[in-house]
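Work through the exercises below with the coordinates loaded. Try each task before reading its solution.

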Amino acid sequence: MNIRTEGGPSTSAATAEKALSFISKGLREVRDSADADFKLMRNRANSFKNIATSFDRELENFINSASSFSVPAIRTTPGAEIDFVKKLQPKLSEFRRAYSSPDFSRKVLEKWRPKSKIRIDLSPIRSAIVSEVEEDKDGIIDFDDRDRFWGGRKVIVKDFRWDWKGDSEESQEEWEPIRELKSRLREFERKSSSAEIFRNITNNVQKVKSSLKAICKEPQESKEVPPLDVPELLAYLVKQSGPFLDQFGFQKDMYDKIVEALCSKRKNQLLLRSLSSGENTVLETENNNDELDLRIASVLQSTGHCYEGGLWTDPVKQDSADGKRHVAIVTTASLPWMTGTAVNPLFRAAYLSKSAKQKITLLVPWLCQTDQELVYPNSLTFSSPEEQEDYIRNWLEERVGFKADFKISFYPGKFSKERRSIIPAGDTTQFISSKEADIAILEEPEHLNWYHHGRRWTDKFNHVVGVVHTNYLEYIKREKNGALQAFFVKHINNWVTRAYCHKVLRLSAATQDLPKSIICNVHGVNPKFLEVGEKVAAEMQFGHETFPKEAYFLGKMVWAKGYKELIHLLAKHKNDLEDFKLDVFGNGEDAHEVQSAAKKLELNLNFQKGRDHADDSLHGYKVFINPCVSDVLCTATAEALAMGKFVVCADHPSNDFFRSFPNCLTYKTSEDFVARVKEALANQPLPLTSEQRYNLSWEAATQRFMDYSELDRVLNNTEERAESSRASRKMTKSISMPSLSEVVDGGLAFAHYSLTGNEILRLATGAIPGTRDYGKQHCKDLHLLPPHVENPIYGW
C-alpha cells in the first residue's frame, strides 16, 4: 500500500498528515516500550549468568580446598581414597541427576523469562486512512517529504510487531548459561575422583616443600672483614685531629705524611700475609686518605654500625612536603623601626620571592604595646600582628614597585634598653614549621643566638646562612669596661655562629673574623633612590641646577652612629670650615646630649627631626657627610651614591665597597676631611654608569647573596639532594665516622643550650628577665599556648 500526498485534495492531505502524526507517536511509544523490555531481559540474563559464575567459583574453591588436606594422612596411605571424597560422591551423583533432567532448562526459563507479550495491531489505523489514500500490497508507506519524517527511509509497518518467542520450538533448546553450567558440572564430575584429588594434593605439597626450601636456604658464607689495627687507628686519629694541629702550627703536609706512613705500614703487613698464603691482592691505591676512609667504612658496615649523627648533631633533615624549597629569613627588627636589620631583610625577602624556585617566609619580632612605645617612632603602635603586617607590606610596595609574594610571621621579642636591641623570647625555631624548615637565613646570627635556648638551627634546617650586619665590638668598646666586655662578646659570637650556622656572610671587614665566614656586600638600595639618580643625571645633561643645597648628615642620633666623630672633626677645623653649614637629620636616645655638645662648641649645625632618606626635601643636597666608623656597611652611604650625590666618608673597611664609585671621597686624617669637603663643594658629581647603578641595585645584591652563600647551588641541587638522601641510608665513606669539626660544633651547641637554660647565668650575662620563654602577653597577642603547655615536663 503506497500512500502519496501529491495531487490530492487539501482535506485528504490534512487527514493523512494527522494519521501519520498519530502513527509516528505510536511507533515511538512502541519503540520505547520494546527498549525497556529488552533491558529487563538483559538484566535478568546477566543476573542468571552471575549466579552461574558464582557457582563456578564455589566449585573451584571447593577443588582448591580439597587439595590442601593434611599431608601426613596421604603419606601413610598413598593409594587410599580420602573419606571426605567418598562421602561427597553420592551428593555429586544426586546433583548430577538433578541438572541432567530434561525439565531443568524449561523450569529455569519459565522462572526467568519475561511474562508479558508485546503486540501492536495497526489495523484500526490502517482502516482509518485506507479510504483516503491508495494502498500497496507490500504495506510500505512512502512519503515524498522524507526529510520531515524518519529521515527519508522506508518504514515497514509489520516490522513493529514483536513477540517473545519463549513458547516457540526454539525455546526448547538449551540457553547458553545453562549449557555452560552443565559443562562445568560434568568437568567437575570428571575431576571428582579420589585419584585426581590425590594428585592435586601431592603436587601442592611438593610446591610447598620447594618454597620452604627456598626460604630456609642456608646462609652464604660472608667474607670476614679484619678489625682495625693500631696503625689504622693512629692514622685516623691524626687525620681527624687536623683542626687542633693547625692551631699548634703544624702544616697539613706534615700530618698527611704521618697518615701515609702509617697506611704504608699496614700495606706492607697485608702484602707479606698475601704472599705467604699465595693470594693475589691489589694493594696500591692512588690516595691513602680515600683508602683509609673506605677501610673504616667497611669495618663499620661489617659490624652493622650506621652513623646517623654525631654526639649532638642530627644531619638527617626532612624534605619539603610540597616538593618546593622553603627559605626562612629571620631578623632582629621590624618596621616602622628604621634600622638596617628591619629594612634590608625585608628587601631581601621581596627580591628572593621573585624567583619561582622557592617560597619565602620573613620572621620578624613582635613587641608588646609597652615596648612598641619605646622603639617605634612618632608614637606609632599596633594592636595586632595583622595590622603591623599591613603596614610593612604597604611600605614595601611603595618602594619596590611590585607586589612581593612572601609570608610574614612573627616571633615573641622584648626590647632591652641597655643594649638598645630586641632580644628573642623563647625558642625562635619553633615558629617555622618542620614542613617548611629547609633553608634559614639568620640576619645577625650572633644577636639571635646570644640567649637562644631551643633547637639547634643546623639540626632543623638543611642549610643555615648567617648575615652579619652590626659591629657589636665597636659599640661595646665605647661602654664602661668596654675592653673586657668586648673580649667576652667576641668569643661568644665565635661560639654561637660556629654552632648554629653552615655559612656566614660579613658585609665588610669591619666586623670580627668569624668561623665559616666570607666578606661580601649582599645589600642593595631602594629602587626609588636609583630613580632619583637617573632623574638627576637627565637634568645635568640639560644644564639644570640639580643641587641647590650643600651638605647634610642623616642617621640615628646616638653617639656610636658617627656623631662623636662629626663633632670632633668640625670642632677641630672650625676655622678651616668657617662658612661650612651642615644640616643634621635624626632622632635617638642621645639627641639631647648631641645637640647640647654642638651648641656648647658653637658649631654650625642645624638639627632637624629624622626623616626617610627618600624624602623629597633631601634630594637637593649635593654632599652627604658620613664620618661613622662603627657601621659595617652604611645603607645611607649607598643611597646617597645612588641619588648621584658626593659622599665624604672615612677610609675604613666598612666603606671598601664604595671606593670604586668616583663620587665617593674618602679621608684618613682630619686634614684630609677638610680637603674632601671643599673638593665636593667646589665640583659637580659625575652621573652613574649603568654598571654602577646595577651594582647598587637589589638585583645585583641578591645575585651576590645567592653565589656567596651557596644558596644558588643548594636550590638547584634538588635531584642531587634526593640522591644523597637515599645514599645516606647506605654505607658511604663521607658518613663513616663523624668529623672532629662536627663533634666540636655539636659539643658547643650542647654546652650553649645547657648554659642558656639556667636563669641565673642568663641574668648574669645581661639577658632580659623572663626571655627564656615568652610571657602571657605574647601568648595573647600571637595566640600561642603557654610555654608549660607547649613543652610539658612530667614528673619534674
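**Exercise 1. Trace the pairing around strand β4.**

Task: In this predicted model, which strands are joined to β4 by bridges, and do they run parallel or antiparallel?

Solution.
- Step 1. Start with strand β3, residues 325–330. Six bridges join β3 to β4, and the two run parallel. As a marker, His 326 stands opposite Lys 359.
- Step 2. Go to strand β5, residues 407–416. Six bridges join β5 to β4, again in a parallel arrangement. Here Val 364 faces Phe 410 as its opposite residue.
- Step 3. Check the connection. β3, α12 and β4 make a β-α-β unit, and that unit is right-handed.
- Step 4. Check burial. β4 spans residues 358–366, and eight of its nine residues are buried.

**Exercise 2. Inspect the backbone in the loops.**

Task: Which peptide bond is cis, and what is the phi of Ser 379 and of Lys 516?

Solution.
- Step 1. Look at omega. The bond joining Leu 335 and Pro 336 is cis, with omega about 10 degrees. Pro 336 belongs to the loop between β3 and α12.
- Step 2. Look at phi. Ser 379 is not a glycine, yet its phi is positive, about 55 degrees. This serine is in the loop between α13 and α14. Its relative accessible area is 67%, so Ser 379 is exposed.
- Step 3. Repeat for Lys 516. Its phi is positive too, near 60 degrees. The residue lies in the loop between β9 and β10. Lys 516 has 33% relative accessibility, so it counts as partly exposed.

**Exercise 3. Map the pairing of β11.**

Task: What are the partners of Ala 551 in β14 and in β12?

Solution.
- Step 1. Take β14, residues 621–626. Three bridges join it to β11, residues 549–554, and the strands run parallel. Ala 551 stands opposite Val 623.
- Step 2. Take β12, residues 582–585. Four bridges join it to β11, also in parallel. The bridge partner of Ala 551 there is Leu 582.
- Step 3. Follow the chain. From β11 it passes through helix α20, residues 563–572, and on to β12. This β-α-β crossover is right-handed.

**Exercise 4. Classify two aromatic pairs.**

Task: What geometry do the ring pairs Phe 487 with Phe 488 and Tyr 552 with Tyr 621 have?

Solution.
- Step 1. The structure holds 20 aromatic pairs. Phe 487 and Phe 488 have centres 5.5 Å apart and planes at 75 degrees. Plane angles over 60 degrees count as edge-to-face, and that is the class of this pair.
- Step 2. Add the surroundings. Phe 487 is partly exposed at 47% relative accessibility, and Phe 488 is partly exposed at 48%.
- Step 3. Turn to Tyr 552 and Tyr 621. Their ring centres are 4.9 Å apart and the planes are at 45 degrees, so this pair is tilted.
- Step 4. Place that pair. Tyr 552 lies in β11 and Tyr 621 in β14, so the pair ties together parts that are 69 residues apart in sequence. Tyr 552 is buried at 0% relative accessible area. Tyr 621 is buried at 4%.
- Step 5. Extend the network. Ring pairs link both tyrosines into a cluster with Phe 553, Tyr 563, Phe 585 and Phe 624.

**Exercise 5. Find the core and one of its hubs.**

Task: How many residues does the largest nonpolar core have, and which have the most contacts inside it?

Solution.
- Step 1. The largest nonpolar core has 103 residues. Those with the most contacts inside it are Phe 406, Leu 582, Ile 625 and Phe 673.
- Step 2. Ask which element gives the largest share. Helix α12, residues 340–352, does, with eight residues.
- Step 3. Separate the next core. A second core has 24 residues, among them Val 330, Ala 440, Leu 448 and Leu 514.
- Step 4. List partners of Phe 406 beyond four places in sequence. They include Leu 346, Ala 349, Ile 360, Leu 362 and Arg 393.
- Step 5. Examine that arginine. Arg 393 lies over the face of Phe 406, 5.1 Å from the ring centre. Arg 348 lies over the face of Phe 705, at 5.0 Å.

Conventions:
Residues numbered from 1 in each chain as written. Predicted model: local features only at pLDDT ≥ 70, side-chain atom pairs only at ≥ 80, totals over all residues. Heavy atoms only, no water. Pairing = 2+ DSSP bridges. Right-handed = clockwise from strand over helix to strand, strands pointing away. Phe/Tyr/Trp six-rings, centres within 6.5 Å; stacked < 30°, edge-to-face > 60°. Buried < 20%, exposed > 50% of the residue type's maximum accessible area, 1.4 Å probe, protein only. Lys NZ or Arg CZ within 6 Å of the ring centre and 35° of its normal. Core = buried A, V, L, I, M, F, W, Y, C linked by side-chain atoms within 4.5 Å. Contact = heavy atoms within 4.5 Å.
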